[in-house]
Amino acid sequence: MELDSPPGRPAVSCKGSELYTQGRVFTFNTVEINVQPSVKVKNGAPMSIICHADISKSADFQLKHNFTIFKDGKLVFMAVSDKDDARYEVPMARSSDTGEYECTVEAGGKTKSSNSLHVWVTGMTKPILTAEKKEVLEGEVVKLRCELPEEVPPLYFYFRKIKMNSTPKEKYVFEAYKNYSEVEFSVEEGDNILQFDCFGKRHVQREFDSSEHSNKTLVTVREPFIKPTLSVKPSRNITEGDRIQLECSTVVARMRDIEIILQKNKTILNSVRDEKVLKYSAVATLEDSGEYLCKVEQGRASKSTKVNVVVSELFPKPTLAASMNKLDENRELTLSCSISGFQRAKFSVLRRNSNGDVLLETSRNLTMRVSVNDTGSYICKAEVKGIVKESKPIRINVYAPVSKPTLSVVSGLPEVVLGKPLQLICRSARGTPPITFKFYKGNVTKETVTNDTYATFLDENVGQNDKKGYKCDARNNHSSGVKTSNILNVTVVVPIRNASLGSIPYGEVEEGSETAFLCSVKEGSWPIHFRIFRKADRDVLVFEQSEHADRVMWRKGTMSRQDTGTYYCMASNRANVDVKSHPITISVILASWQKGVIVAFVLISIAGAVTLALWWFLCKKKKAKGPSMEMSGPALATNSTSEKLARQHNDGDYYSGPDLESAEVEYTEVEVSTLDPHKALLPLGSSCGLALSTCMRLYRAGLPAGTLSRRQPAVNLHVIEPKFTGSHLKLATG
């Protein structure tokens, strides 16, 4: 197994290896490192690090060994010897010698290292403490330096300020790169002879190692000034009205930046600079009783003296009494000021004001007729020997009677939408607050509110059939009593529900005819605003009207094709909710007379076409040479496909058009079978079912015209042979 060697050294193998050189063979068994006297060495004691190599040889021959000892990976010792061990001697172990030691042996081209060994040098060198000054003034600072010679940072330094009969004050400083540290201690009032010392610590394997304490350094403290003296004249126990005098003085070593301050309850009463005496004088009052503090400061130095002063009461505070505290306007009020057991005083009656008290009377009694503006707080003052005391304030309330209240709806109109709350407001134009308002629904009290000039009430249970009126009353502390408002009747507005739209006629409407639209609602308070819209690219308003009814009818006089479309209506009332109906569709079609004109035009056109066709047929027949003429169906079909045939209308007229091909057509075919096969398609109609000219020819042939009718089947006339008997043409029917 290969072991990693410290940096800068070759890797070594823990297994024995052999080298054959001129018959000499050796191998490393082990390399060991030890410390004497032990792995824990006391600071200052001698210490030896021993490196030993255990080598096996094939013969007895000399072998040079190169010994190298490392501490925490750093080279600390090297030696060359033909012996199996080497010693690294440390005459006086220090804490800096604590660490991980390891040795490496090289011989005959082979190298082997030992395991690491931790050595702990316990204890630290004694620190050395020095002070910058041996004598200082109060308020100055003492600068100290603590050094740990022969110790290696990082280090912790602890400084102590030792004062007689008190716990030492301690400061500590961490130094990462120095083996010394410096601190300052302030010199406070009362410090006279001070001692300082220090000690050090270092961190070793999760533990702290401490040094012994340094030498003690003595520092003498001199006072820059003596403790101040505070005197009170005439004495510390005086009576109100007497003049009190306080004097604070001190003795100063040097008169520079000296300040004297007089305080009472942390309030500065007076102060002087660069003087030795401070004076303060005032007329004593009860408030002047307490503790006074005289403080002298110079730089950081400060000394103080306290004294307690007691001021006795000369006379008690006056008392102000009123004939009544609450009264109506224009009534008489009497205020009296007195001092219990004391008559010799100067009295005055005042009214409190935000801009300052207003003097009303300079005697103990005040009588006046009051108005509302006299409402406020009043006090009285009494003065004896320059001492002024005032009574506790009393409150006087003057009331004006309330006026008759007015009751109204907050929203303005005396109405409410069904299902929504109703908010009422009761207001008195006059009257001194506070005013108590009561709201009634019918004769039932609903709510009581105390406010300044108005109050509100919210009724959340307004029904559709509520017939009870509302009222309110108002009262204050005036003796006139209660004032009641007029009764307020509120209209309940029922919202629109279920709008519908219909029309007469419904669906299809002839052009030019009249159409009636009916918009109605199932429920809602009147008046109702109706609107009818026609949907196009945008909704077009075509009718609008307000009615005191639940329906409205709109008559559209003349309908045109542009009126075709979808219609709907909307209804609303004072509830401000638009309700929309379902839409209906109106289609404007042609009128009956327009259809008749079109049909007549078509029939006339067809009749003309048929007449021309028969004329052409008769002309051809006259030129025919054939001995016989047969009227049959199949022979005519070959020449009839190129023409549109006529169809008989219900009323007997003829019309043609694109619907002719798909309609059922009854016709008579005439076929010339021999010489000149000419064909003609004859629609049934009129009285004989044939065209007028054909009927005439049939009559000449002896066939009655009435035998051919519109409801009879088609008749095939077969012209067998042209036989003329007088003026008749004989026809055979098949």
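1. Residues 627-734 keep a pLDDT under 50 throughout. The model is predicted, and over this stretch it has 203 contacts beyond four places in sequence. Where pLDDT is low, the predicted coordinates should not be read in detail. A second such stretch covers residues 1-21, where pLDDT also stays under 50; the model has 39 contacts beyond four places in sequence for residues 1-21.

2. For the protein as a whole, the average pLDDT is 79, and 81% of the residues score at least 70. The secondary structure comes to three helices and 63 strands. Of the 734 residues, 40% count as buried. Among contacts with a separation of 6 or more, 61% are between residues 24 or more positions apart.

3. Which residues have the most contacts inside the largest nonpolar core? They are Phe 28, Met 47, Ile 49, Ile 69 and Tyr 101, in a core of 27 residues. At least two residues of this core come from each of strands S3 (26-36), S5 (47-57), S6 (65-71), S8 (85-90), S9 (99-107) and S11 (117-122). Another core, of 22 residues, lies apart from it and includes Val 232, Ile 238, Val 307 and Val 309. In soluble globular proteins, nonpolar side chains tend to be buried together.

4. Met 47 can be followed further. Leaving aside neighbours within four places in sequence, Met 47 is in contact with Val 35, Gln 36, Val 41, Tyr 88, Glu 89, Val 90, Ala 93, Asp 97, Tyr 101 and Val 119. Tyr 101, in this list, is also among the residues with the most contacts inside the core.

5. Strand S6, one of the strands supplying the largest core, is joined to strand S7 (residues 74-81) by seven bridges, and the two run antiparallel. Lys 71 stands opposite Lys 74 in S7. The hairpin of S6 and S7 has two residues between the strands, and Asp 72 takes a positive phi near 50° there.

6. Strand S20 (residues 217-222) has side chains that alternate between two faces. Thr 217, Val 219 and Val 221 point to one face and are buried; Leu 218, Thr 220 and Arg 222 point to the other and are not. S20 pairs in the parallel sense with strand S13 (residues 135-137) over three bridges, with Val 136 as the bridge partner of Val 221. S20 also pairs in the antiparallel sense with strand S18 (residues 193-204), over four bridges. In that pairing Leu 194 stands opposite Val 219. Val 219 and Val 221, the residues of S20 named in these bridges, both point to the buried face.

7. An open sheet of three strands has the order S47-S49-S52 and antiparallel pairing. Strand S47 (497-504) and strand S52 (551-556) are its edge strands, each pairing on one side only. From one strand to the next the twist averages 15°. Six bridges connect strand S49 (residues 515-523) to S52 in the antiparallel sense; the bridge partner of Cys 519 in S52 is Val 552.

8. Is Thr 432, in the loop between strand S40 (422-427) and strand S41 (435-441), buried or exposed? Thr 432 is buried, because its relative accessible area is 10% and the cut-off for buried is under 20%. The side chain of Thr 432 reaches the backbone nitrogen of Ala 400 at 2.6 Å. Beyond four places in sequence, Thr 432 is in contact with Val 372, Val 398, Tyr 399, Ala 400 and Asn 476. Ala 400 thus appears both in this contact list and as the partner of the side chain.

9. Val 490 also sits in a loop, between strand S45 (483-484) and strand S46 (491-493). Its relative accessibility is 15%, so Val 490 counts as buried. Leaving aside neighbours within four places in sequence, the contacts of Val 490 are Val 409, Pro 414, Glu 415, Val 416, Leu 422 and Tyr 470. Val 462 is 28 residues away along the chain, and the C-alpha atoms of Val 490 and Val 462 are separated by 9.8 Å.

10. Gln 263 belongs to strand S24 (residues 258-264). This polar-named position counts as buried because its relative accessibility is 15%. Not counting residues up to four places away in sequence, Gln 263 touches Ile 268, Leu 269, Glu 291, Tyr 292, Leu 293 and Lys 295.

Notes:
Residues are numbered from 1 along each chain as its sequence is written. This is a predicted model: local features need pLDDT of at least 70, side-chain atom pairs count only at pLDDT 80 or more; totals for chains, interfaces and linings use all residues. Side-chain values use heavy atoms; hydrogens and water are left out. Buried means under 20% relative accessible area, exposed over 50%, partly exposed in between (1.4 Å probe, protein chains only). A polar contact is a pair of N or O atoms within 3.5 Å; within protein, one must be able to donate a hydrogen and the other to accept it, and residues adjacent in sequence count only if both atoms are side-chain atoms. Contact means heavy atoms within 4.5 Å. A nonpolar core is a set of buried Ala, Val, Leu, Ile, Met, Phe, Trp, Tyr and Cys residues joined through side-chain atoms within 4.5 Å. pLDDT is the predictor's confidence in each residue, from 0 to 100. Two strands pair if DSSP finds at least two bridges between them. Axes are lines fitted to C-alpha atoms, for helices over the stretch in contact, and angles run from 0 to 180 degrees between N-to-C directions.
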